[in-house]
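User: I should like to understand how terms such as "buried", "paired" and "salt bridge" are justified from a structure. Please show me the structure, and I shall ask about each term in turn.

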Amino acid sequence: MAEMGSKGVTAGKIASNVQKKLTRAQEKVLQKLGKADETKDEQFEQCVQNFNKQLTEGTRLQKDLRTYLASVKAMHEASKKLNECLQEVYESDWPGRDEANKIAENSDLLWLDYHQKLVDQALLTMDTYLGQFPDIKSRIAKRGRKLVDYDSARHHFESLQTAKKKDEAKIAKAEEELIKAQKVFEEMNVDLQEELPSLWNSRVGFYVNTFQSIAGLEENFHKEMSKLNQNLNDVLVSLEKQHGSNTFTVKAQPSDDTLAKGNKSPSPPPDGSPAATPEIRVNHEPELAGGATPGATLPKSPSQSSLPAVVVETFPATVNGTVEAGSGAGRLDLPPGFMFKVQAQHDYTATDTDELQLKAGDVVLVIPFQNPEEQDEGWLMGVKESDWDQHKELEECRGVFPENFTERVQ
């Protein structure tokens, strides 16, 4: 019997809730159609707008703070690995080894402490601050439902009062339900009317405390890290003094991406490469005009100072971009107009759509420019041998490249 009673109560409660939802839905429809008036509270609606704005701002701040913490952790890991690398390369007989190791340990502890304090003083405070919003949001939604119930009870009571045939028993019951609905609504409304403005005003102090904590922790972290970096610098200065004769001089390296558009001027290859010290060698003529002997180095003009080593041999001649008889132009396995091969000695990053992207070791089949007037000094036209073997298509594969990044191989 007890079980039956329990089931009956549960079924009755479900039926009551279903009826409430239907009544609310009907009331909202009537209000939207303008057939029933709706209780309005502009001051409360403004509080709700402020609440939603405050929740949005807090959620964003929480997300950005978590991203910041993840970045701190990633930077910690990177710093730790960098210090581990220094410890590995720092040889045992070098001065300051123990100090360098101690600095690395302190740096690791400082990063850990910084991250943990950010969690304790900023993130946990942020979580606590946002933790109060779900409950209030739920109560705001519930207040809205109770307001609809109140309006519905009020309209029902008014309709019974204005009916031609009055039923006093129904009117009394409707009045009782109206008073009950009004009481429930007003209790919730009063509480929220007090809490929402107070919550809205609390945002100022929360933002101040949060960002002050972050700023203070970051300032102290950088101050302490600066001391460690200064100590490490002192250790390295001591090492430099002991091994001063082995000082490494950093030389500026040219960039492949600094080529001027229009009138291209190729960047010189890295110092020390064969192409950086050009010389002209004569291999096939026993004697040169003017009495030069085979193998002699010819004087270099200013324009040749940035050119690669060029071996003068008997290669096909071209006239206005046309290959003369005896060249490789008639061979089916080479592109039309083929003149000679070069091999890239250095990587070259293309900076325009008409340039070839080269990796050291790439072989390029050099061909003449379609319009010789378009050729800039120090640049060649060609197609990578790998691309030609695969596609046998010049239009898609050919491009210009700096001659001084390559060396003639055929």
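**Reasoning from values to terms**

Analyst: Among contacts in the protein chain between residues at least 6 apart in sequence, 70% join residues at least 24 apart. The model is predicted. Its secondary structure comes to seven helices and nine strands.

User: How do you know how confident the predictor is in the protein chain?

Analyst: The confidence of each residue is given as pLDDT, from 0 to 100. The mean pLDDT of the protein chain is 79, and 70% of its residues reach 70 or more. Over residues 256-262 the pLDDT is below 50, and this stretch has 19 contacts beyond near neighbours in sequence. For residues 274-330 the pLDDT likewise stays under 50, with 77 contacts beyond four places in sequence.

User: How many residues of the protein chain are there, and what share of them counts as buried?

Analyst: The protein chain has 410 residues, of which 32% count as buried. Its exposed area is about 26,200 Å², and carbon and sulfur atoms supply 52% of that area.

User: Why are Asp64 and Arg60 said to form a salt bridge?

Analyst: The rule requires a side-chain nitrogen of Lys or Arg within 4 Å of a carboxyl oxygen of Asp or Glu. The N to O distance between the side chains of Asp64 and Arg60 is 3.5 Å, so the pair satisfies the rule. Both residues lie in helix H2 (residues 42-89), four residues apart, about one turn of the helix. By this rule the count comes to eleven salt bridges.

User: Is Asp64 buried, partly exposed or exposed, and why? Which of these terms applies to Arg60?

Analyst: Buried means under 20% relative accessible area, exposed means over 50%, and partly exposed lies in between. Asp64 has 40% relative accessibility, and therefore counts as partly exposed. Arg60 has a relative accessible area of 61%, and is therefore exposed.

User: What makes the pair of Asp127 and Arg66 a link between parts that are apart in sequence?

Analyst: The side chains of Asp127 and Arg66 meet in a salt bridge at 3.4 Å, N to O. Asp127 belongs to helix H3 (residues 97-131) and Arg66 to helix H2, so the pair ties together parts that are 61 residues apart in sequence. Asp127 counts as partly exposed because its relative accessibility is 27%. Arg66 counts as partly exposed at 42% relative accessibility.

User: Which parts does the pair of Arg139 and Glu195 tie together?

Analyst: The side chains of Arg139 and Glu195 form a salt bridge with an N to O distance of 2.6 Å. Arg139 is in helix H4 (residues 133-161) and Glu195 is in helix H5 (residues 168-242), so the pair ties together parts that are 56 residues apart in sequence. Glu195, with a relative accessible area of 30%, is partly exposed. In addition, Asp135, Arg139 and Glu195 are linked in a network of salt bridges.

User: What makes strand E8 and strand E9 edge strands?

Analyst: The open sheet of five strands has the order E8-E7-E6-E5-E9, with antiparallel pairing. Strand E8 (399-402) and strand E9 (406-408) each pair on one side only, and are the edge strands. On average, neighbouring strands of this sheet are turned by 50 degrees against each other, direction ignored.

User: How do you know that strand E5 and E9 pair?

Analyst: Two strands pair if there are at least two bridges between them. Strand E5 (residues 340-344) and E9 have three bridges in the antiparallel sense, so the requirement is met. Within this pairing, Gln343 stands opposite Glu407 in E9.

User: Why is strand E6 described as largely enclosed?

Analyst: Four of the five residues of strand E6 (residues 363-367) are buried, so the strand is largely enclosed by the rest of the structure. E5 and E6 run antiparallel and are joined by four bridges; Phe340 has Val366 in E6 as its bridge partner. E6 also pairs with strand E7 (residues 379-384) in the antiparallel sense, over four bridges, and the bridge partner of Val364 in E7 is Lys384.

User: What makes the phi of Lys392 worth noting?

Analyst: Most residues other than glycine have a negative phi. The phi of Lys392 is near 55 degrees, a positive value in a residue other than glycine. Lys392 is found in the loop between helix H6 (385-391) and helix H7 (394-397). At 41% relative accessibility, Lys392 counts as partly exposed.

How values were computed
Residues are numbered from 1 along each chain as its sequence is written. This is a predicted model: local features need pLDDT of at least 70, side-chain atom pairs count only at pLDDT 80 or more; totals for chains, interfaces and linings use all residues. Side-chain values use heavy atoms; hydrogens and water are left out. Helices (H or I, at least four residues) and strands (E, at least two) are DSSP runs, numbered from the N terminus. Axes are lines fitted to C-alpha atoms, for helices over the stretch in contact, and angles run from 0 to 180 degrees between N-to-C directions. Contact means heavy atoms within 4.5 Å. Buried means under 20% relative accessible area, exposed over 50%, partly exposed in between (1.4 Å probe, protein chains only). Accessible areas come from the Shrake-Rupley method with a 1.4 Å probe; for residues, only the protein chains shown count as cover.
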